[in-house]
2 protein chains.
Amino acid sequence: MVRPQFAKLPAEQQQAILQAALNEFAAHGFHDASLNRVIDAAGISKGSMYYYFDDKADLYAYVARTELAGLIEQVGMLPDLGAGDADTFWSLLEDYYLRLMRALTAAPQLAALLRGWAAAARSPEFQSAQAALEQESVPWVMLALEAGLRVGAVRTDVPPPLLIAAVMGMGEAIDLWLVSQQAKDEELPELIKLVMGMIRRAVGGDGA
Amino acid sequence: MVRPQFAKLPAEQQQAILQAALNEFAAHGFHDASLNRVIDAAGISKGSMYYYFDDKADLYAYVARTELAGLIEQVGMLPDLGAGDADTFWSLLEDYYLRLMRALTAAPQLAALLRGWAAAARSPEFQSAQAALEQESVPWVMLALEAGLRVGAVRTDVPPPLLIAAVMGMGEAIDLWLVSQQAKDEELPELIKLVMGMIRRAVGGDGA
DNA sequence: CCAAAATTAGACCGGTGGTCTAGACTGGTG
DNA sequence: CACCAGTCTAGACCACCGGTCTAATTTTGG
């Protein structure tokens with residue numbers, strides 16, 4: 001976990017480190033990113049870096065968490081999905097997804113970071129960072145799933161973990177494809193609609 | 001590409017190298033596997049290794065290709081999917097998938113290898129090996145998709161690349177989940193049925 | 001039999017993530 | 001002021017990585 005000493009740093013130096021790390025991780029992914037380059041770019045020494053962070057994964061987790069928090073702040077919280085009926089559920093989800101993708105195409109470095117995250121997730125040294133980030137994202141997915149089950153928007157004949165695995169995998173691959181497409185902004189809603197339609201067909205309740 | 005010199009080696013030494021590499025790659029994935037350990041385990045020198053193979057990715061590709069060939073030999077070729085109707089298409093695919101998964105649970109090292117492949121696919125140094133292997137697997141998927149379109153088993157309102165991305169992503173995630181489940185052999189058919197059902201709902205034609 | 005070619009051994013290279021020590025700075029106390 | 005404990009920094013150092021290279025050895029063929 002990031003050391004408390006880091007928080008005491010002047011804001012500008014925190015920014016310098018964070019920016020250097022973001023640049024490096026976004027450009028090279030987790031594994032191929034070089035801590036030495038980050039250190040040079042940030043203008044600090046190795047000793048200091050390891051005084052602020054446990055290790056490479058810790059730095060990555062910190063950067064990802066910080067940037068993610070910024071994204072969520074920008075996009076807003078996920079609305080309450082459990083209020084209406086199944087159609088509302090899916091339409092709310094689609095809206096939110098669209099907003100997320102819009103924000104991500106506006107922040108390509110963060111998008112690259114998340115892509116790299118998916119790629120690096122299976123890797124022993126990354127496990128600790130993985131666990132930390134998952135504790136923030138998985139409950140999120142669980143809540144959505146629960147809400148979906150409650151309003152009958154999600155099928156009940158498949159074990160929930162399998163549903164989650166399927167949706168996450170599909171989502172990851174599709175995100176990758178969407179980003180690689182560099183779809184124009186006006187095509188995005190149509191594509192998202194297709195995508196959510198596929199997900200809904202796969203995991204949606206009987207009526208859909 | 002693997003050098004012709006390798007083929008001239010006594011079969012037992014080829015086996016030793018292949019086995020050492022398989023052990024290492026299956027245990028640690030592509031990135032975290034150590035060529036030095038492979039060399040030690042195989043009892044050859046670095047010079048020889050680089051005399052037989054271009055680089056690490058080349059060795060990986062060779063191992064994967066060889067093991068994969070063994071798997072396909074065991075499971076048999078994919079049957080002709082374009083002969084019957086949509087239901088036949090999906091049922092043939094389900095059968096084949098089930099046989100594949102059975103063979104994979106019987107060969108856990110190969111399963112680990114393929115899992116690691118997916119994880120390492122995005123990585124600059126892996127690109128060459130990736131390209132070589134994809135030229136064998138992608139046409140395979142394309143053919144299946146084409147057959148599916150022909151018999152009306154696959155929806156036509158989604159761009160094919162998006163379909164492929166979705167199915168591959170879903171498949172990858174689900175495979176991972178199935179393996180992690182260590183499902184008993186008698187549960188497997190039921191799970192596969194659920195899985196193929198999800199895929200069919202997502203990408204299947206109107207009637208299904 | 002010997003030269004040329006094929007093959008092997010392993011030192012070596014620049015790089016990696018991570019550790020460690022020597023010292024610079026700081027604030028508090030006699 | 002002097003001293004000192006605690007905090008922080010610089011960068012040498014470590015083991016290891018994938019990959020290169022050269023010198024020696026073995027095999028081949030005329």
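Which helix of chain A gives the most to the surface near DNA strand D? Hold that thought while we walk through the model, which is a predicted one.

Let's start with chain A by itself. Chain A has 208 residues, and its secondary structure comes to 10 helices and zero strands. Read from the N terminus on, then, the elements go α-α-α-α-α-α-α-α-α-α. Lay the C-alpha trace along its principal axes and you get a span of about 60 × 35 × 30 Å. Buried residues account for 30% of the chain. As for how the chain folds back on itself, take the contacts in chain A between residues at least 6 apart in sequence: 74% of these join residues at least 24 apart.

Now bring in chain B. Here 24 residues of chain A are in contact with 25 residues of chain B. On the chain A side, helix 2 (11–32), helix 9 (160–181) and helix 10 (188–203) each supply at least two residues. Helix 9 of chain A has the largest share of that side, with 12 residues. By residue class, the side of chain A that touches chain B splits into 17 nonpolar, three polar and four charged.

On to the DNA, and back to the opening question. The answer is helix 4 of chain A, which puts four residues into the surface near DNA strand D. Both protein chains take part in this surface: helix 1 (4–8) and helix 4 (46–52) of chain A, along with helix 3 (35–42) and helix 4 (46–52) of chain B, each supply at least two residues. In total, 19 residues surround strand D, and the closest are A:Ser45, A:Gly47, B:Ser34, B:Leu35 and B:Lys56. Sorted by class, the residues of this surface are five nonpolar, seven polar and seven charged.

What about DNA strand C? There are 19 residues around strand C, and the ones that come nearest are A:Ser34, A:Asp55, A:Lys56, B:Ser45 and B:Gly47. For this strand, chain A brings helix 3 (35–42) and helix 4, while chain B brings helix 1 (4–8) and helix 4, each with at least two residues. The largest share of the surface near strand C comes from helix 4 of chain B, with four residues. The class split for strand C reads five nonpolar, seven polar and seven charged.

Conventions:
Residues are numbered from 1 along each chain as its sequence is written. Chains are lettered from A and ligands numbered from 1 in the order in which they are written. This is a predicted model: local features need pLDDT of at least 70, side-chain atom pairs count only at pLDDT 80 or more; totals for chains, interfaces and linings use all residues. A residue is near a molecule or strand if its C-beta atom, placed from the backbone, lies within 6 Å of it. Ala, Val, Leu, Ile, Met, Phe, Trp, Tyr, Cys and Pro count as nonpolar, Asp, Glu, Lys and Arg as charged, and the others, Gly among them, as polar. A residue is buried if 20 or more other C-beta atoms lie within 10 Å of its own, exposed if 12 or fewer, and partly exposed in between; C-beta atoms are placed from the backbone. Two residues are in contact if their C-beta atoms, placed from the backbone, lie within 7 Å.
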